[in-house]
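Work through the exercises below with the model open. Try each task before reading its solution.

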Amino acid sequence: MNVTVFGTGYVGLVQGTILAEVGHQVICVDVDAEKIEKLKQGHIPIYEPGLEALVKENSASGRLQFTTDATMAVAHGDIQFIAVGTPSDEDGSADLKHVLKVAETIAEHMEAHRIIVDKSTVPVGTADKVSARMAEVLERRGRAELTFDVVSNPEFLKEGSAVADCQKPDRIIIGTEDEATVEVMRELYAPFSRQHEKIIVMDVKSAELTKYAANCMLATKISFMNEIANLAERLGADIEAVRQGIGSDPRIGYHFIYPGVGYGGSCFPKDVQALIRTADAIGFDSKVLKAVEARNAEQKTTLFAKIREHFGGELAGRTLALWGLAFKPNTDDMREAPSRVLMEALWEAGARVQAYDPEAMEETQRLYGTRDELTLCGTKETALKGADALVIVTEWQSFRAPDFDLIHQQLSEPSIFDGRNMYDPARMARKGFTYYSVGRLPSRG
Ligand code: NAD
């Protein structure tokens, strides 16, 4: 099938590539000419395991093409995906300007029936707005006879495993009431729904809300666990034991109940906020979502509070080694990352940071390269040199079994502030560290 994908970010690039991989003819279009030029040369602008090889293979086979030419792109795909960003507006609601711009572009250039597939995360009612905007443009062009259908098909991939998630989706939500469109979408996604039925068809609004409900449920799990962890810490209980204890109940399960330093990234913060604003707009008080957001904002400050307290409230002149900058492992994405809140608080208090991340160094350089209080280090070991203490913010695999003797040697005060509960407190004490983690009492060597 001929498919066009607007937007070559985490969602558009991965989805477009995976659709090409199963045999569809895909054109990916972006307004960012530099990005498209790089992609044409096989340079992938983001880090996603497995993506580079697939882009190269499918580009070489001719099934995957990149362009900035909207006319050609709209002419190509019977199916036109919208996979552009929907950032938070000033008030926290989803900013639809990119989505509506793509709607205009498609209506501006289409010459035959088109199925518009909204993959961006958008508030309930957006499909209607996309339809209205397209109808306006077609009317203006004097081509009101051209037909189209707008489908909501939210994306559930996780950054860091985006390729695998798109290749083996848990479910494929198709929101439309048009039977013919459902058939086309079934054909498009048939290669991904072979083992068992993955496609769930529903009305457009329910599909739009499903995406927000999923992300808000996941954010709720995190904030809930962080709340219990904060309680455990104050009551002298061990959150890791509690986690094992509750996860064993299949109604709760072990997934996504890790305490930490708060959720970040490009999705949870903005999607929780956007659903709160959607509720506000209709006069509904979303009590749970507001609490989830408030707990998360506070959680991002907890590591800093522990560090400050440890150093007797005096951080000026201190140097902290920081391991992990990306908002989660296996990505270079720094959007809303807890590391940013921590670094900015440390700098504000007069401390210096020596940071290392396996993938997010370039992005950190772009964001904070001009700050004198930050040194970006080539390895996790060099980040330790001359530091007073070690802080861990992202749970990269390569931090799981470090050389503790070396860490002990390098730090002026052998203390570790672990925002991800990577180590065993008793072992850390035996190794001579003062060890702070989340939801567990500090252990002292
Ligand atoms: P992104 O910011 O990485 O990429 C968006 C791309 O769209 C950019 O390359 C931008 O240049 C391009 N763009 C903007 N306007 C355009 C236009 N008019 N025509 C063509 N291209 C245009 O965004 P992303 O992370 O891929 O997210 C896209 C959407 O998918 C968002 O709504 C997001 O909430 C949702 N989503 C993201 C994830 C994720 O993990 N990143 C997961 C599921 C859903």
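A residue counts as buried if 20 or more other C-beta atoms lie within 10 Å of its own. Keep that cut-off at hand. The model is predicted. Its protein chain averages a pLDDT of 97, and the scores are ipTM 0.99 and pTM 0.94.

**Exercise 1. Classify Lys-35 as buried or exposed, and place it in the fold.**

Step 1. Locate the residue. Lys-35 sits in helix α2, residues 33-40.
Step 2. Count neighbours. Lys-35 has 20 other C-beta atoms within 10 Å, so it is buried.
Step 3. List contacts, leaving out residues up to four places away in sequence. Lys-35 touches Thr-8, Asp-30 and Pro-45.
Step 4. Check the record. An unreviewed UniProt entry annotates a "binding site" that covers Lys-35 and Asp-30, among others. The positions of that annotation span 306 residues of sequence and are spread in space too, up to 24.3 Å between C-alpha atoms.

**Exercise 2. Find where Glu-159 lies and which residues it touches.**

Step 1. Glu-159 is in the loop between β6 (148-152) and α7.
Step 2. Its count is 24 other C-beta atoms within 10 Å, so Glu-159 is buried.
Step 3. Beyond four places in sequence, its contacts are Tyr-10, Gly-265, Thr-331 and Asp-333.
Step 4. Tyr-10 belongs to α1 and is itself buried.

**Exercise 3. Compare the span of α1 with the expected one, then say what covers the helix.**

Step 1. α1 runs over residues 10-21, which is 12 residues.
Step 2. From first C-alpha to last, α1 reaches 16 Å, close to the 16 Å expected at 1.5 Å a residue.
Step 3. Burial comes next: 12 of its 12 residues are buried.
Step 4. The cover includes strands β1 (2-6), β2 (25-29), β3 (64-67) and β4 (79-82), plus helices α3 (51-60) and α7 (162-167).
Step 5. After the helix comes Gly-23, with a positive phi near 120°.

**Exercise 4. Place Tyr-258 and Gly-264, and test each for burial.**

Step 1. Tyr-258 lies in the loop between α10 (239-247) and α11 (268-281). Gly-264 lies in the loop between α10 and α11.
Step 2. Tyr-258 has 20 C-beta neighbours inside 10 Å, so it counts as buried.
Step 3. Gly-264 has 25 other C-beta atoms within 10 Å, so it is buried.
Step 4. Outside four places in sequence, Gly-264 touches Pro-269, Phe-327, Arg-335, Glu-336, Ala-337 and Pro-338.
Step 5. An unreviewed UniProt "binding site" annotation includes Tyr-258 and Gly-264. Its positions reach up to 23.7 Å apart between C-alpha atoms.

Notes. Residues numbered from 1 in each chain as written. Predicted model: local features only at pLDDT ≥ 70, side-chain atom pairs only at ≥ 80, totals over all residues. pLDDT = per-residue confidence, 0-100. Helix = DSSP H or I, 4+ residues; strand = E, 2+ residues; numbered from the N terminus. Expected span 1.5 Å × (residues − 1). Contact = placed C-beta atoms within 7 Å. UniProt positions renumbered as here; feature names shortened; annotations may be inferred.
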